[in-house]
Amino acid sequence: MSIALIVLAAGKGTRMKSDLPKVLHKIAHAPMLWHAMRAGAALEPAHTVVVAGHGADLVQASARDFDPTAQVVLQTEQLGTGHAVAQARPALEGFRGDAIVLYGDTPFISQETLTAMAEARTSHDVVVLGFEAADPARYGRLVTQGNSLERIVEFKDASDQERTITLCNSGVIAADAQVLFSLIEAVGNDNASGEYYLTDIVGIAREQGLSATVVQCAEAETLGVNSRADLAAAEAAFQRRRRAELLENGITLPAPETVHLAWDTVIGRDCEVEQNVVFGPDVTVESGAHIRAFSHLEGAHVSRGSVVGPYARLRPGAELAENVHVGNFVEIKKAVLHEGVKANHLTYIGDADIGAGTNIGAGTITCNYDGVFKHKTTIGAGAFIGSNTMLVAPVTIGAGGMTASGSVITENVPDGALALARGKQEIKPGLATKLFKMLKARKAKEQAK
Ligand code: UD1
Ligand code: MG
């Protein structure tokens, strides 16, 4: 079955008190919109249509960032969810298949739930995602008769008796796309809000003799975001769930509540992630690696057997091969550290390629930036970079080469060569003793004044 996603994202989100459209606020480093689009992407949709309104340009750019083939349509006035879905009609002209309506501000609907809805569509014309609400509050209520969904009544329009129903509407609806659009054509706005309710299509479908049913999900999946407090709660819920999944998948987290994950963090089994580790976007940690406390990683790839931290920072383009050690106060950016490289203390490596087995001494810095351009440092395999070496890029150190501690390396070093680039040491016998004496005498004189 061919599927089209329609993602509603035109609302302003007044209660966010923000210049940014609501759906672009981030959870685990990704806009809410991406979370919704990612769940839908599991169904391999033929079309994804995002309905934008407030901040449409920004919403369009973000949707395309996630999926360059996404179509974005404009809803200039927010006249209701039914009206919003109708805006997607021209984009799906001639499309044969199912449409699934998602909300951009409801980020946690799972792939499994959407699959269950697609499944239920094989035996019903309209499928609505419902949930048993602990506090039904102002949600739309699902009026059922046995397995059949008869209609959805909005809270504002519901009778006292209907308000006692606890089975609520999540907003997610699936139907044949062309059936959906023709049902929406019949929706009016004669209701308490004066809006075109998408939810009215259920009653209309039933009147036309079409069937409708409810697929249920856990209430946690339907969590919507309307305020910054909701956003914080959504972030916490995401973090809790992902940590639990990692534990379940064979990752050791001695203090899971202190580890911060991104929406796309990948960690292999038998890894250990210690306390207070923060993952930014786009990090993959292969099986058996060890990320020690207080490290910060983004855009990085860490291979099997590598140890990172404590207090390490891996920035975008950090590529650690197997059994690499990156220790405390080491920052790596856009650099490949081949197998067995050790950079254990106080180092900056940027725009570099470091050969297998090379040892980088404490305090080493790749001077990669001249104020305008970035330059590359290349170090061969099995080299030894002495502590406090400044590698002024562009520069190459050959395989098996060495630099003396404290060197400022400005010229290439051939394979197997030692580069010494520092002032020659001089010894002045007795001069220290003499200096101390002089200084102490001066201090005593000043204190006597
Ligand atoms: C809607 C449902 C309600 C359900 C609830 C679940 C309707 C009429 N009601 O109510 O049954 O229980 O969601 O959260 O559908 N949007 C647009 N354009 C519009 C209006 C809305 O794009 O003109 C978007 C919003 O940005 C939002 C989504 O649609 O992402 C839902 O709109 P919202 O106003 O929050 O609907 P609710 O009143 O919560
Ligand atoms: Mg809402």
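Start with the contact at Asp105: in this predicted model, an oxygen atom of ligand 1 lies 3.1 Å from an N or O atom in the Asp105 side chain. Tyr103 makes a similar kind of approach, with a side-chain N or O atom 3.2 Å from an oxygen atom of ligand 1. Leu79 takes part through its backbone, where a polar atom sits 3.3 Å from a ligand 1 oxygen. As for how much of the ligand gets covered, the protein takes up 78% of the 750 Å² of accessible area that ligand 1 has on its own.

Who else is around the ligand? The shell of ligand 1 counts 19 residues, and the closest are Gln75, Gly80, Thr81, Glu154 and Asn169. Sorted by class, that shell holds 8 nonpolar, 9 polar and 2 charged residues.

Now for the space itself. Ligand 1 sits in the largest pocket. Three elements give two or more residues to the shell around ligand 1: strand S1 (3-9), helix H3 (81-86) and strand S10 (167-176). The lining of the largest pocket draws at least two residues from each of S1, H3, S10 and helix H8 (228-248). S10 gives the largest share of that lining, with 3 residues. Nearest the centre of the largest pocket you'll find Lys22, Thr81, Tyr103, Asp105 and Asn226. Two of those names should ring a bell: Tyr103 and Asp105 are the residues whose side chains come up against ligand 1 oxygens.

There is a second largest pocket to look at as well, and here is how the two line up:

| Pocket | Volume | Lining | Classes in the lining |
|---|---|---|---|
| Largest | about 1,500 Å³ | 41 residues | 14 nonpolar, 18 polar, 9 charged |
| Second largest | about 380 Å³ | 14 residues | 6 nonpolar, 3 polar, 5 charged |

Which residues lie nearest the centre of the second largest pocket? They are Arg38, Ile109, Ser110, Gln111 and Arg241. The elements that put two or more residues into its lining are helix H1 (32-41), helix H4 (111-120) and H8. H8 leads here, supplying 4 residues, the largest share of the lining of the second largest pocket. So much for the second pocket, but keep an eye on H8, as this helix also supplies at least two residues of the lining of the largest pocket.

Away from the pockets, a few spots in the backbone deserve a glance. Most residues other than glycine have a negative phi, and most peptide bonds are trans. Against that background, the peptide bond from Gly309 to Pro310 is cis, with omega near 5 degrees. Pro310 belongs to the loop that joins strand S19 (307-308) and strand S20 (313-314). Further along the chain, the bond from Ala393 to Pro394 is cis too, again with omega near 5 degrees. Pro394 is found in the loop between strand S28 (390-392) and strand S29 (395-397).

Where does Asn276 lie? This residue falls in the loop between strand S13 (272-273) and strand S14 (278-279). Asn276 isn't a glycine, yet its phi is positive, at about 60 degrees.

Methods
Residues numbered from 1 in each chain as written. Chains lettered and ligands numbered in written order. Predicted model: local features only at pLDDT ≥ 70, side-chain atom pairs only at ≥ 80, totals over all residues. Heavy atoms only, no water. Near = heavy atom within 4 Å. Polar contact = N/O pair within 3.5 Å; in protein donor to acceptor, adjacent residues only side chain to side chain. Areas by Shrake-Rupley, 256 points an atom, 1.4 Å probe, with all protein chains shown as cover. 1 Å grid on protein atoms, 1.4 Å probe; cavity = no way out; pocket = protein on both sides within 12 Å on 5 of 7 lines; lining within 4 Å. Sits in = over half its atoms within 2 Å of the grid points. Nonpolar A, V, L, I, M, F, W, Y, C, P; charged D, E, K, R; others polar. Points joined across faces, edges and corners; volume = space filled by probe spheres on them.
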